[in-house]
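Me: Hi! I've got a structure open and would like to talk it through with you. Can we start with how surface area is worked out here?

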Amino acid sequence: MKTVHIPQKAAQMLDKTLSLAKEHDSGGRVKCVAMFTDKRYTVLAVGRNMYTKTHPQQKAWASRAGNSAKQCLHAEVRAAIMLAKNGWEGRAAMLFVGAVSESGTVLQAAPCPVCRLLLETDFPDIIVYHT
C-alpha cells in the first residue's frame, strides 16, 4: 500500500468542490463537481453533473468506453468541455472531483470508466484528487 500526502492547498480545493456540489441541483440523487486547475491552483474550468442533460462528447466517450448507457452529463466531461472552449487544455495540471448526496453526505467521487478514459486519453499527465 502506498500512502500519499495531500498538499494543504489540494485539500482546500477539494473542500471548494464539495461546497459547490452542495449548492448544485443535478436533477438526481448525486451532486458532483469537477474542477480543473493549473499548477498554481488557479481554477480553469468547473463542470457539474446533470441527470437531465447530455452532450455529444459525453455520448462519444461513453461509446468509446463501451458503456453507451452513460449518457447523463458527467462533471468531468463538462469541465473538459469548458476547458477546451476556453482554450486552456494545455494549462490543466490538476483535476478535483467532489460529490455529495442530496442530504449533503460526502460521497466517493473517483472518475468512472468513461471519465477515466477521457482523462487518460486527453490529460495523461493530470493529477486527480477526489473525495
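Reply: Happy to! Accessible areas come from the Shrake-Rupley method with a 1.4 Å probe. Bear in mind that this is a predicted model.

Me: Good. How much area does the chain expose, and what share do carbon and sulfur atoms supply?

Reply: The chain exposes about 7400 Å². Carbon and sulfur atoms supply 51% of that area.

Me: And how many of the residues count as buried?

Reply: Of the 131 residues in the chain, 43% count as buried.

Me: What's the secondary structure like?

Reply: There are four helices and five strands. Starting at the N terminus, the order of elements is α-β-β-α-α-β-β-α-β. The radius of gyration is 14 Å, close to the 14 Å that the globule rule gives for 131 residues, so the chain is as compact as a globular protein of that length.

Me: What about contacts between residues far apart in sequence, what share do they have?

Reply: Taking the contacts with a separation of 6 or more, 67% are between residues 24 or more positions apart.

Me: On to the inside. Which residues of the largest nonpolar core touch the most other members?

Reply: Those are Phe36, Leu83, Ala92, Leu95 and Phe123, out of 28 residues in that core. The elements giving two or more residues to the core are strands S1, S2 and S3 and helices H2, H3 and H4. H3 gives the largest share, six residues.

Me: What does Ala92 touch?

Reply: Leaving out residues up to four places away in sequence, Ala92 touches Phe36, Thr37, Leu44, Leu83, Phe123 and Ile126. There is also a second, separate core of eight residues, with Ala10, Met13, Tyr41 and Met94 among them.

Me: New topic: Gln58. Is that residue buried or exposed?

Reply: Gln58, in helix H2, has 0% relative accessibility, so Gln58 counts as buried.

Me: Where does the side chain of Gln58 reach?

Reply: To the backbone nitrogen of His74, at 3.0 Å. Beyond its neighbours within four places in sequence, Gln58 is in contact with Lys70, Gln71, Cys72, Leu73, His74, Val77 and Val114.

Me: Val114 is in H4, right? Which residues of H4 are buried?

Reply: Yes, Val114 is one of the buried residues of H4, together with Cys115, Leu118 and Leu119. Looking down the axis of H4, its buried residues fall within an arc of 130 degrees, so they line one face of the helix.

Me: And what covers them?

Reply: The cover includes S1, H2, H3, S3 and strand S5.

How values were computed: Residues numbered from 1 in each chain as written. Predicted model: local features only at pLDDT ≥ 70, side-chain atom pairs only at ≥ 80, totals over all residues. Heavy atoms only, no water. Core = buried A, V, L, I, M, F, W, Y, C linked by side-chain atoms within 4.5 Å. Buried < 20%, exposed > 50% of the residue type's maximum accessible area, 1.4 Å probe, protein only. Contact = heavy atoms within 4.5 Å. Polar contact = N/O pair within 3.5 Å; in protein donor to acceptor, adjacent residues only side chain to side chain. Arc of directions from axis to C-beta. Rg over C-alpha atoms; globule rule 2.2 N^0.38 Å.
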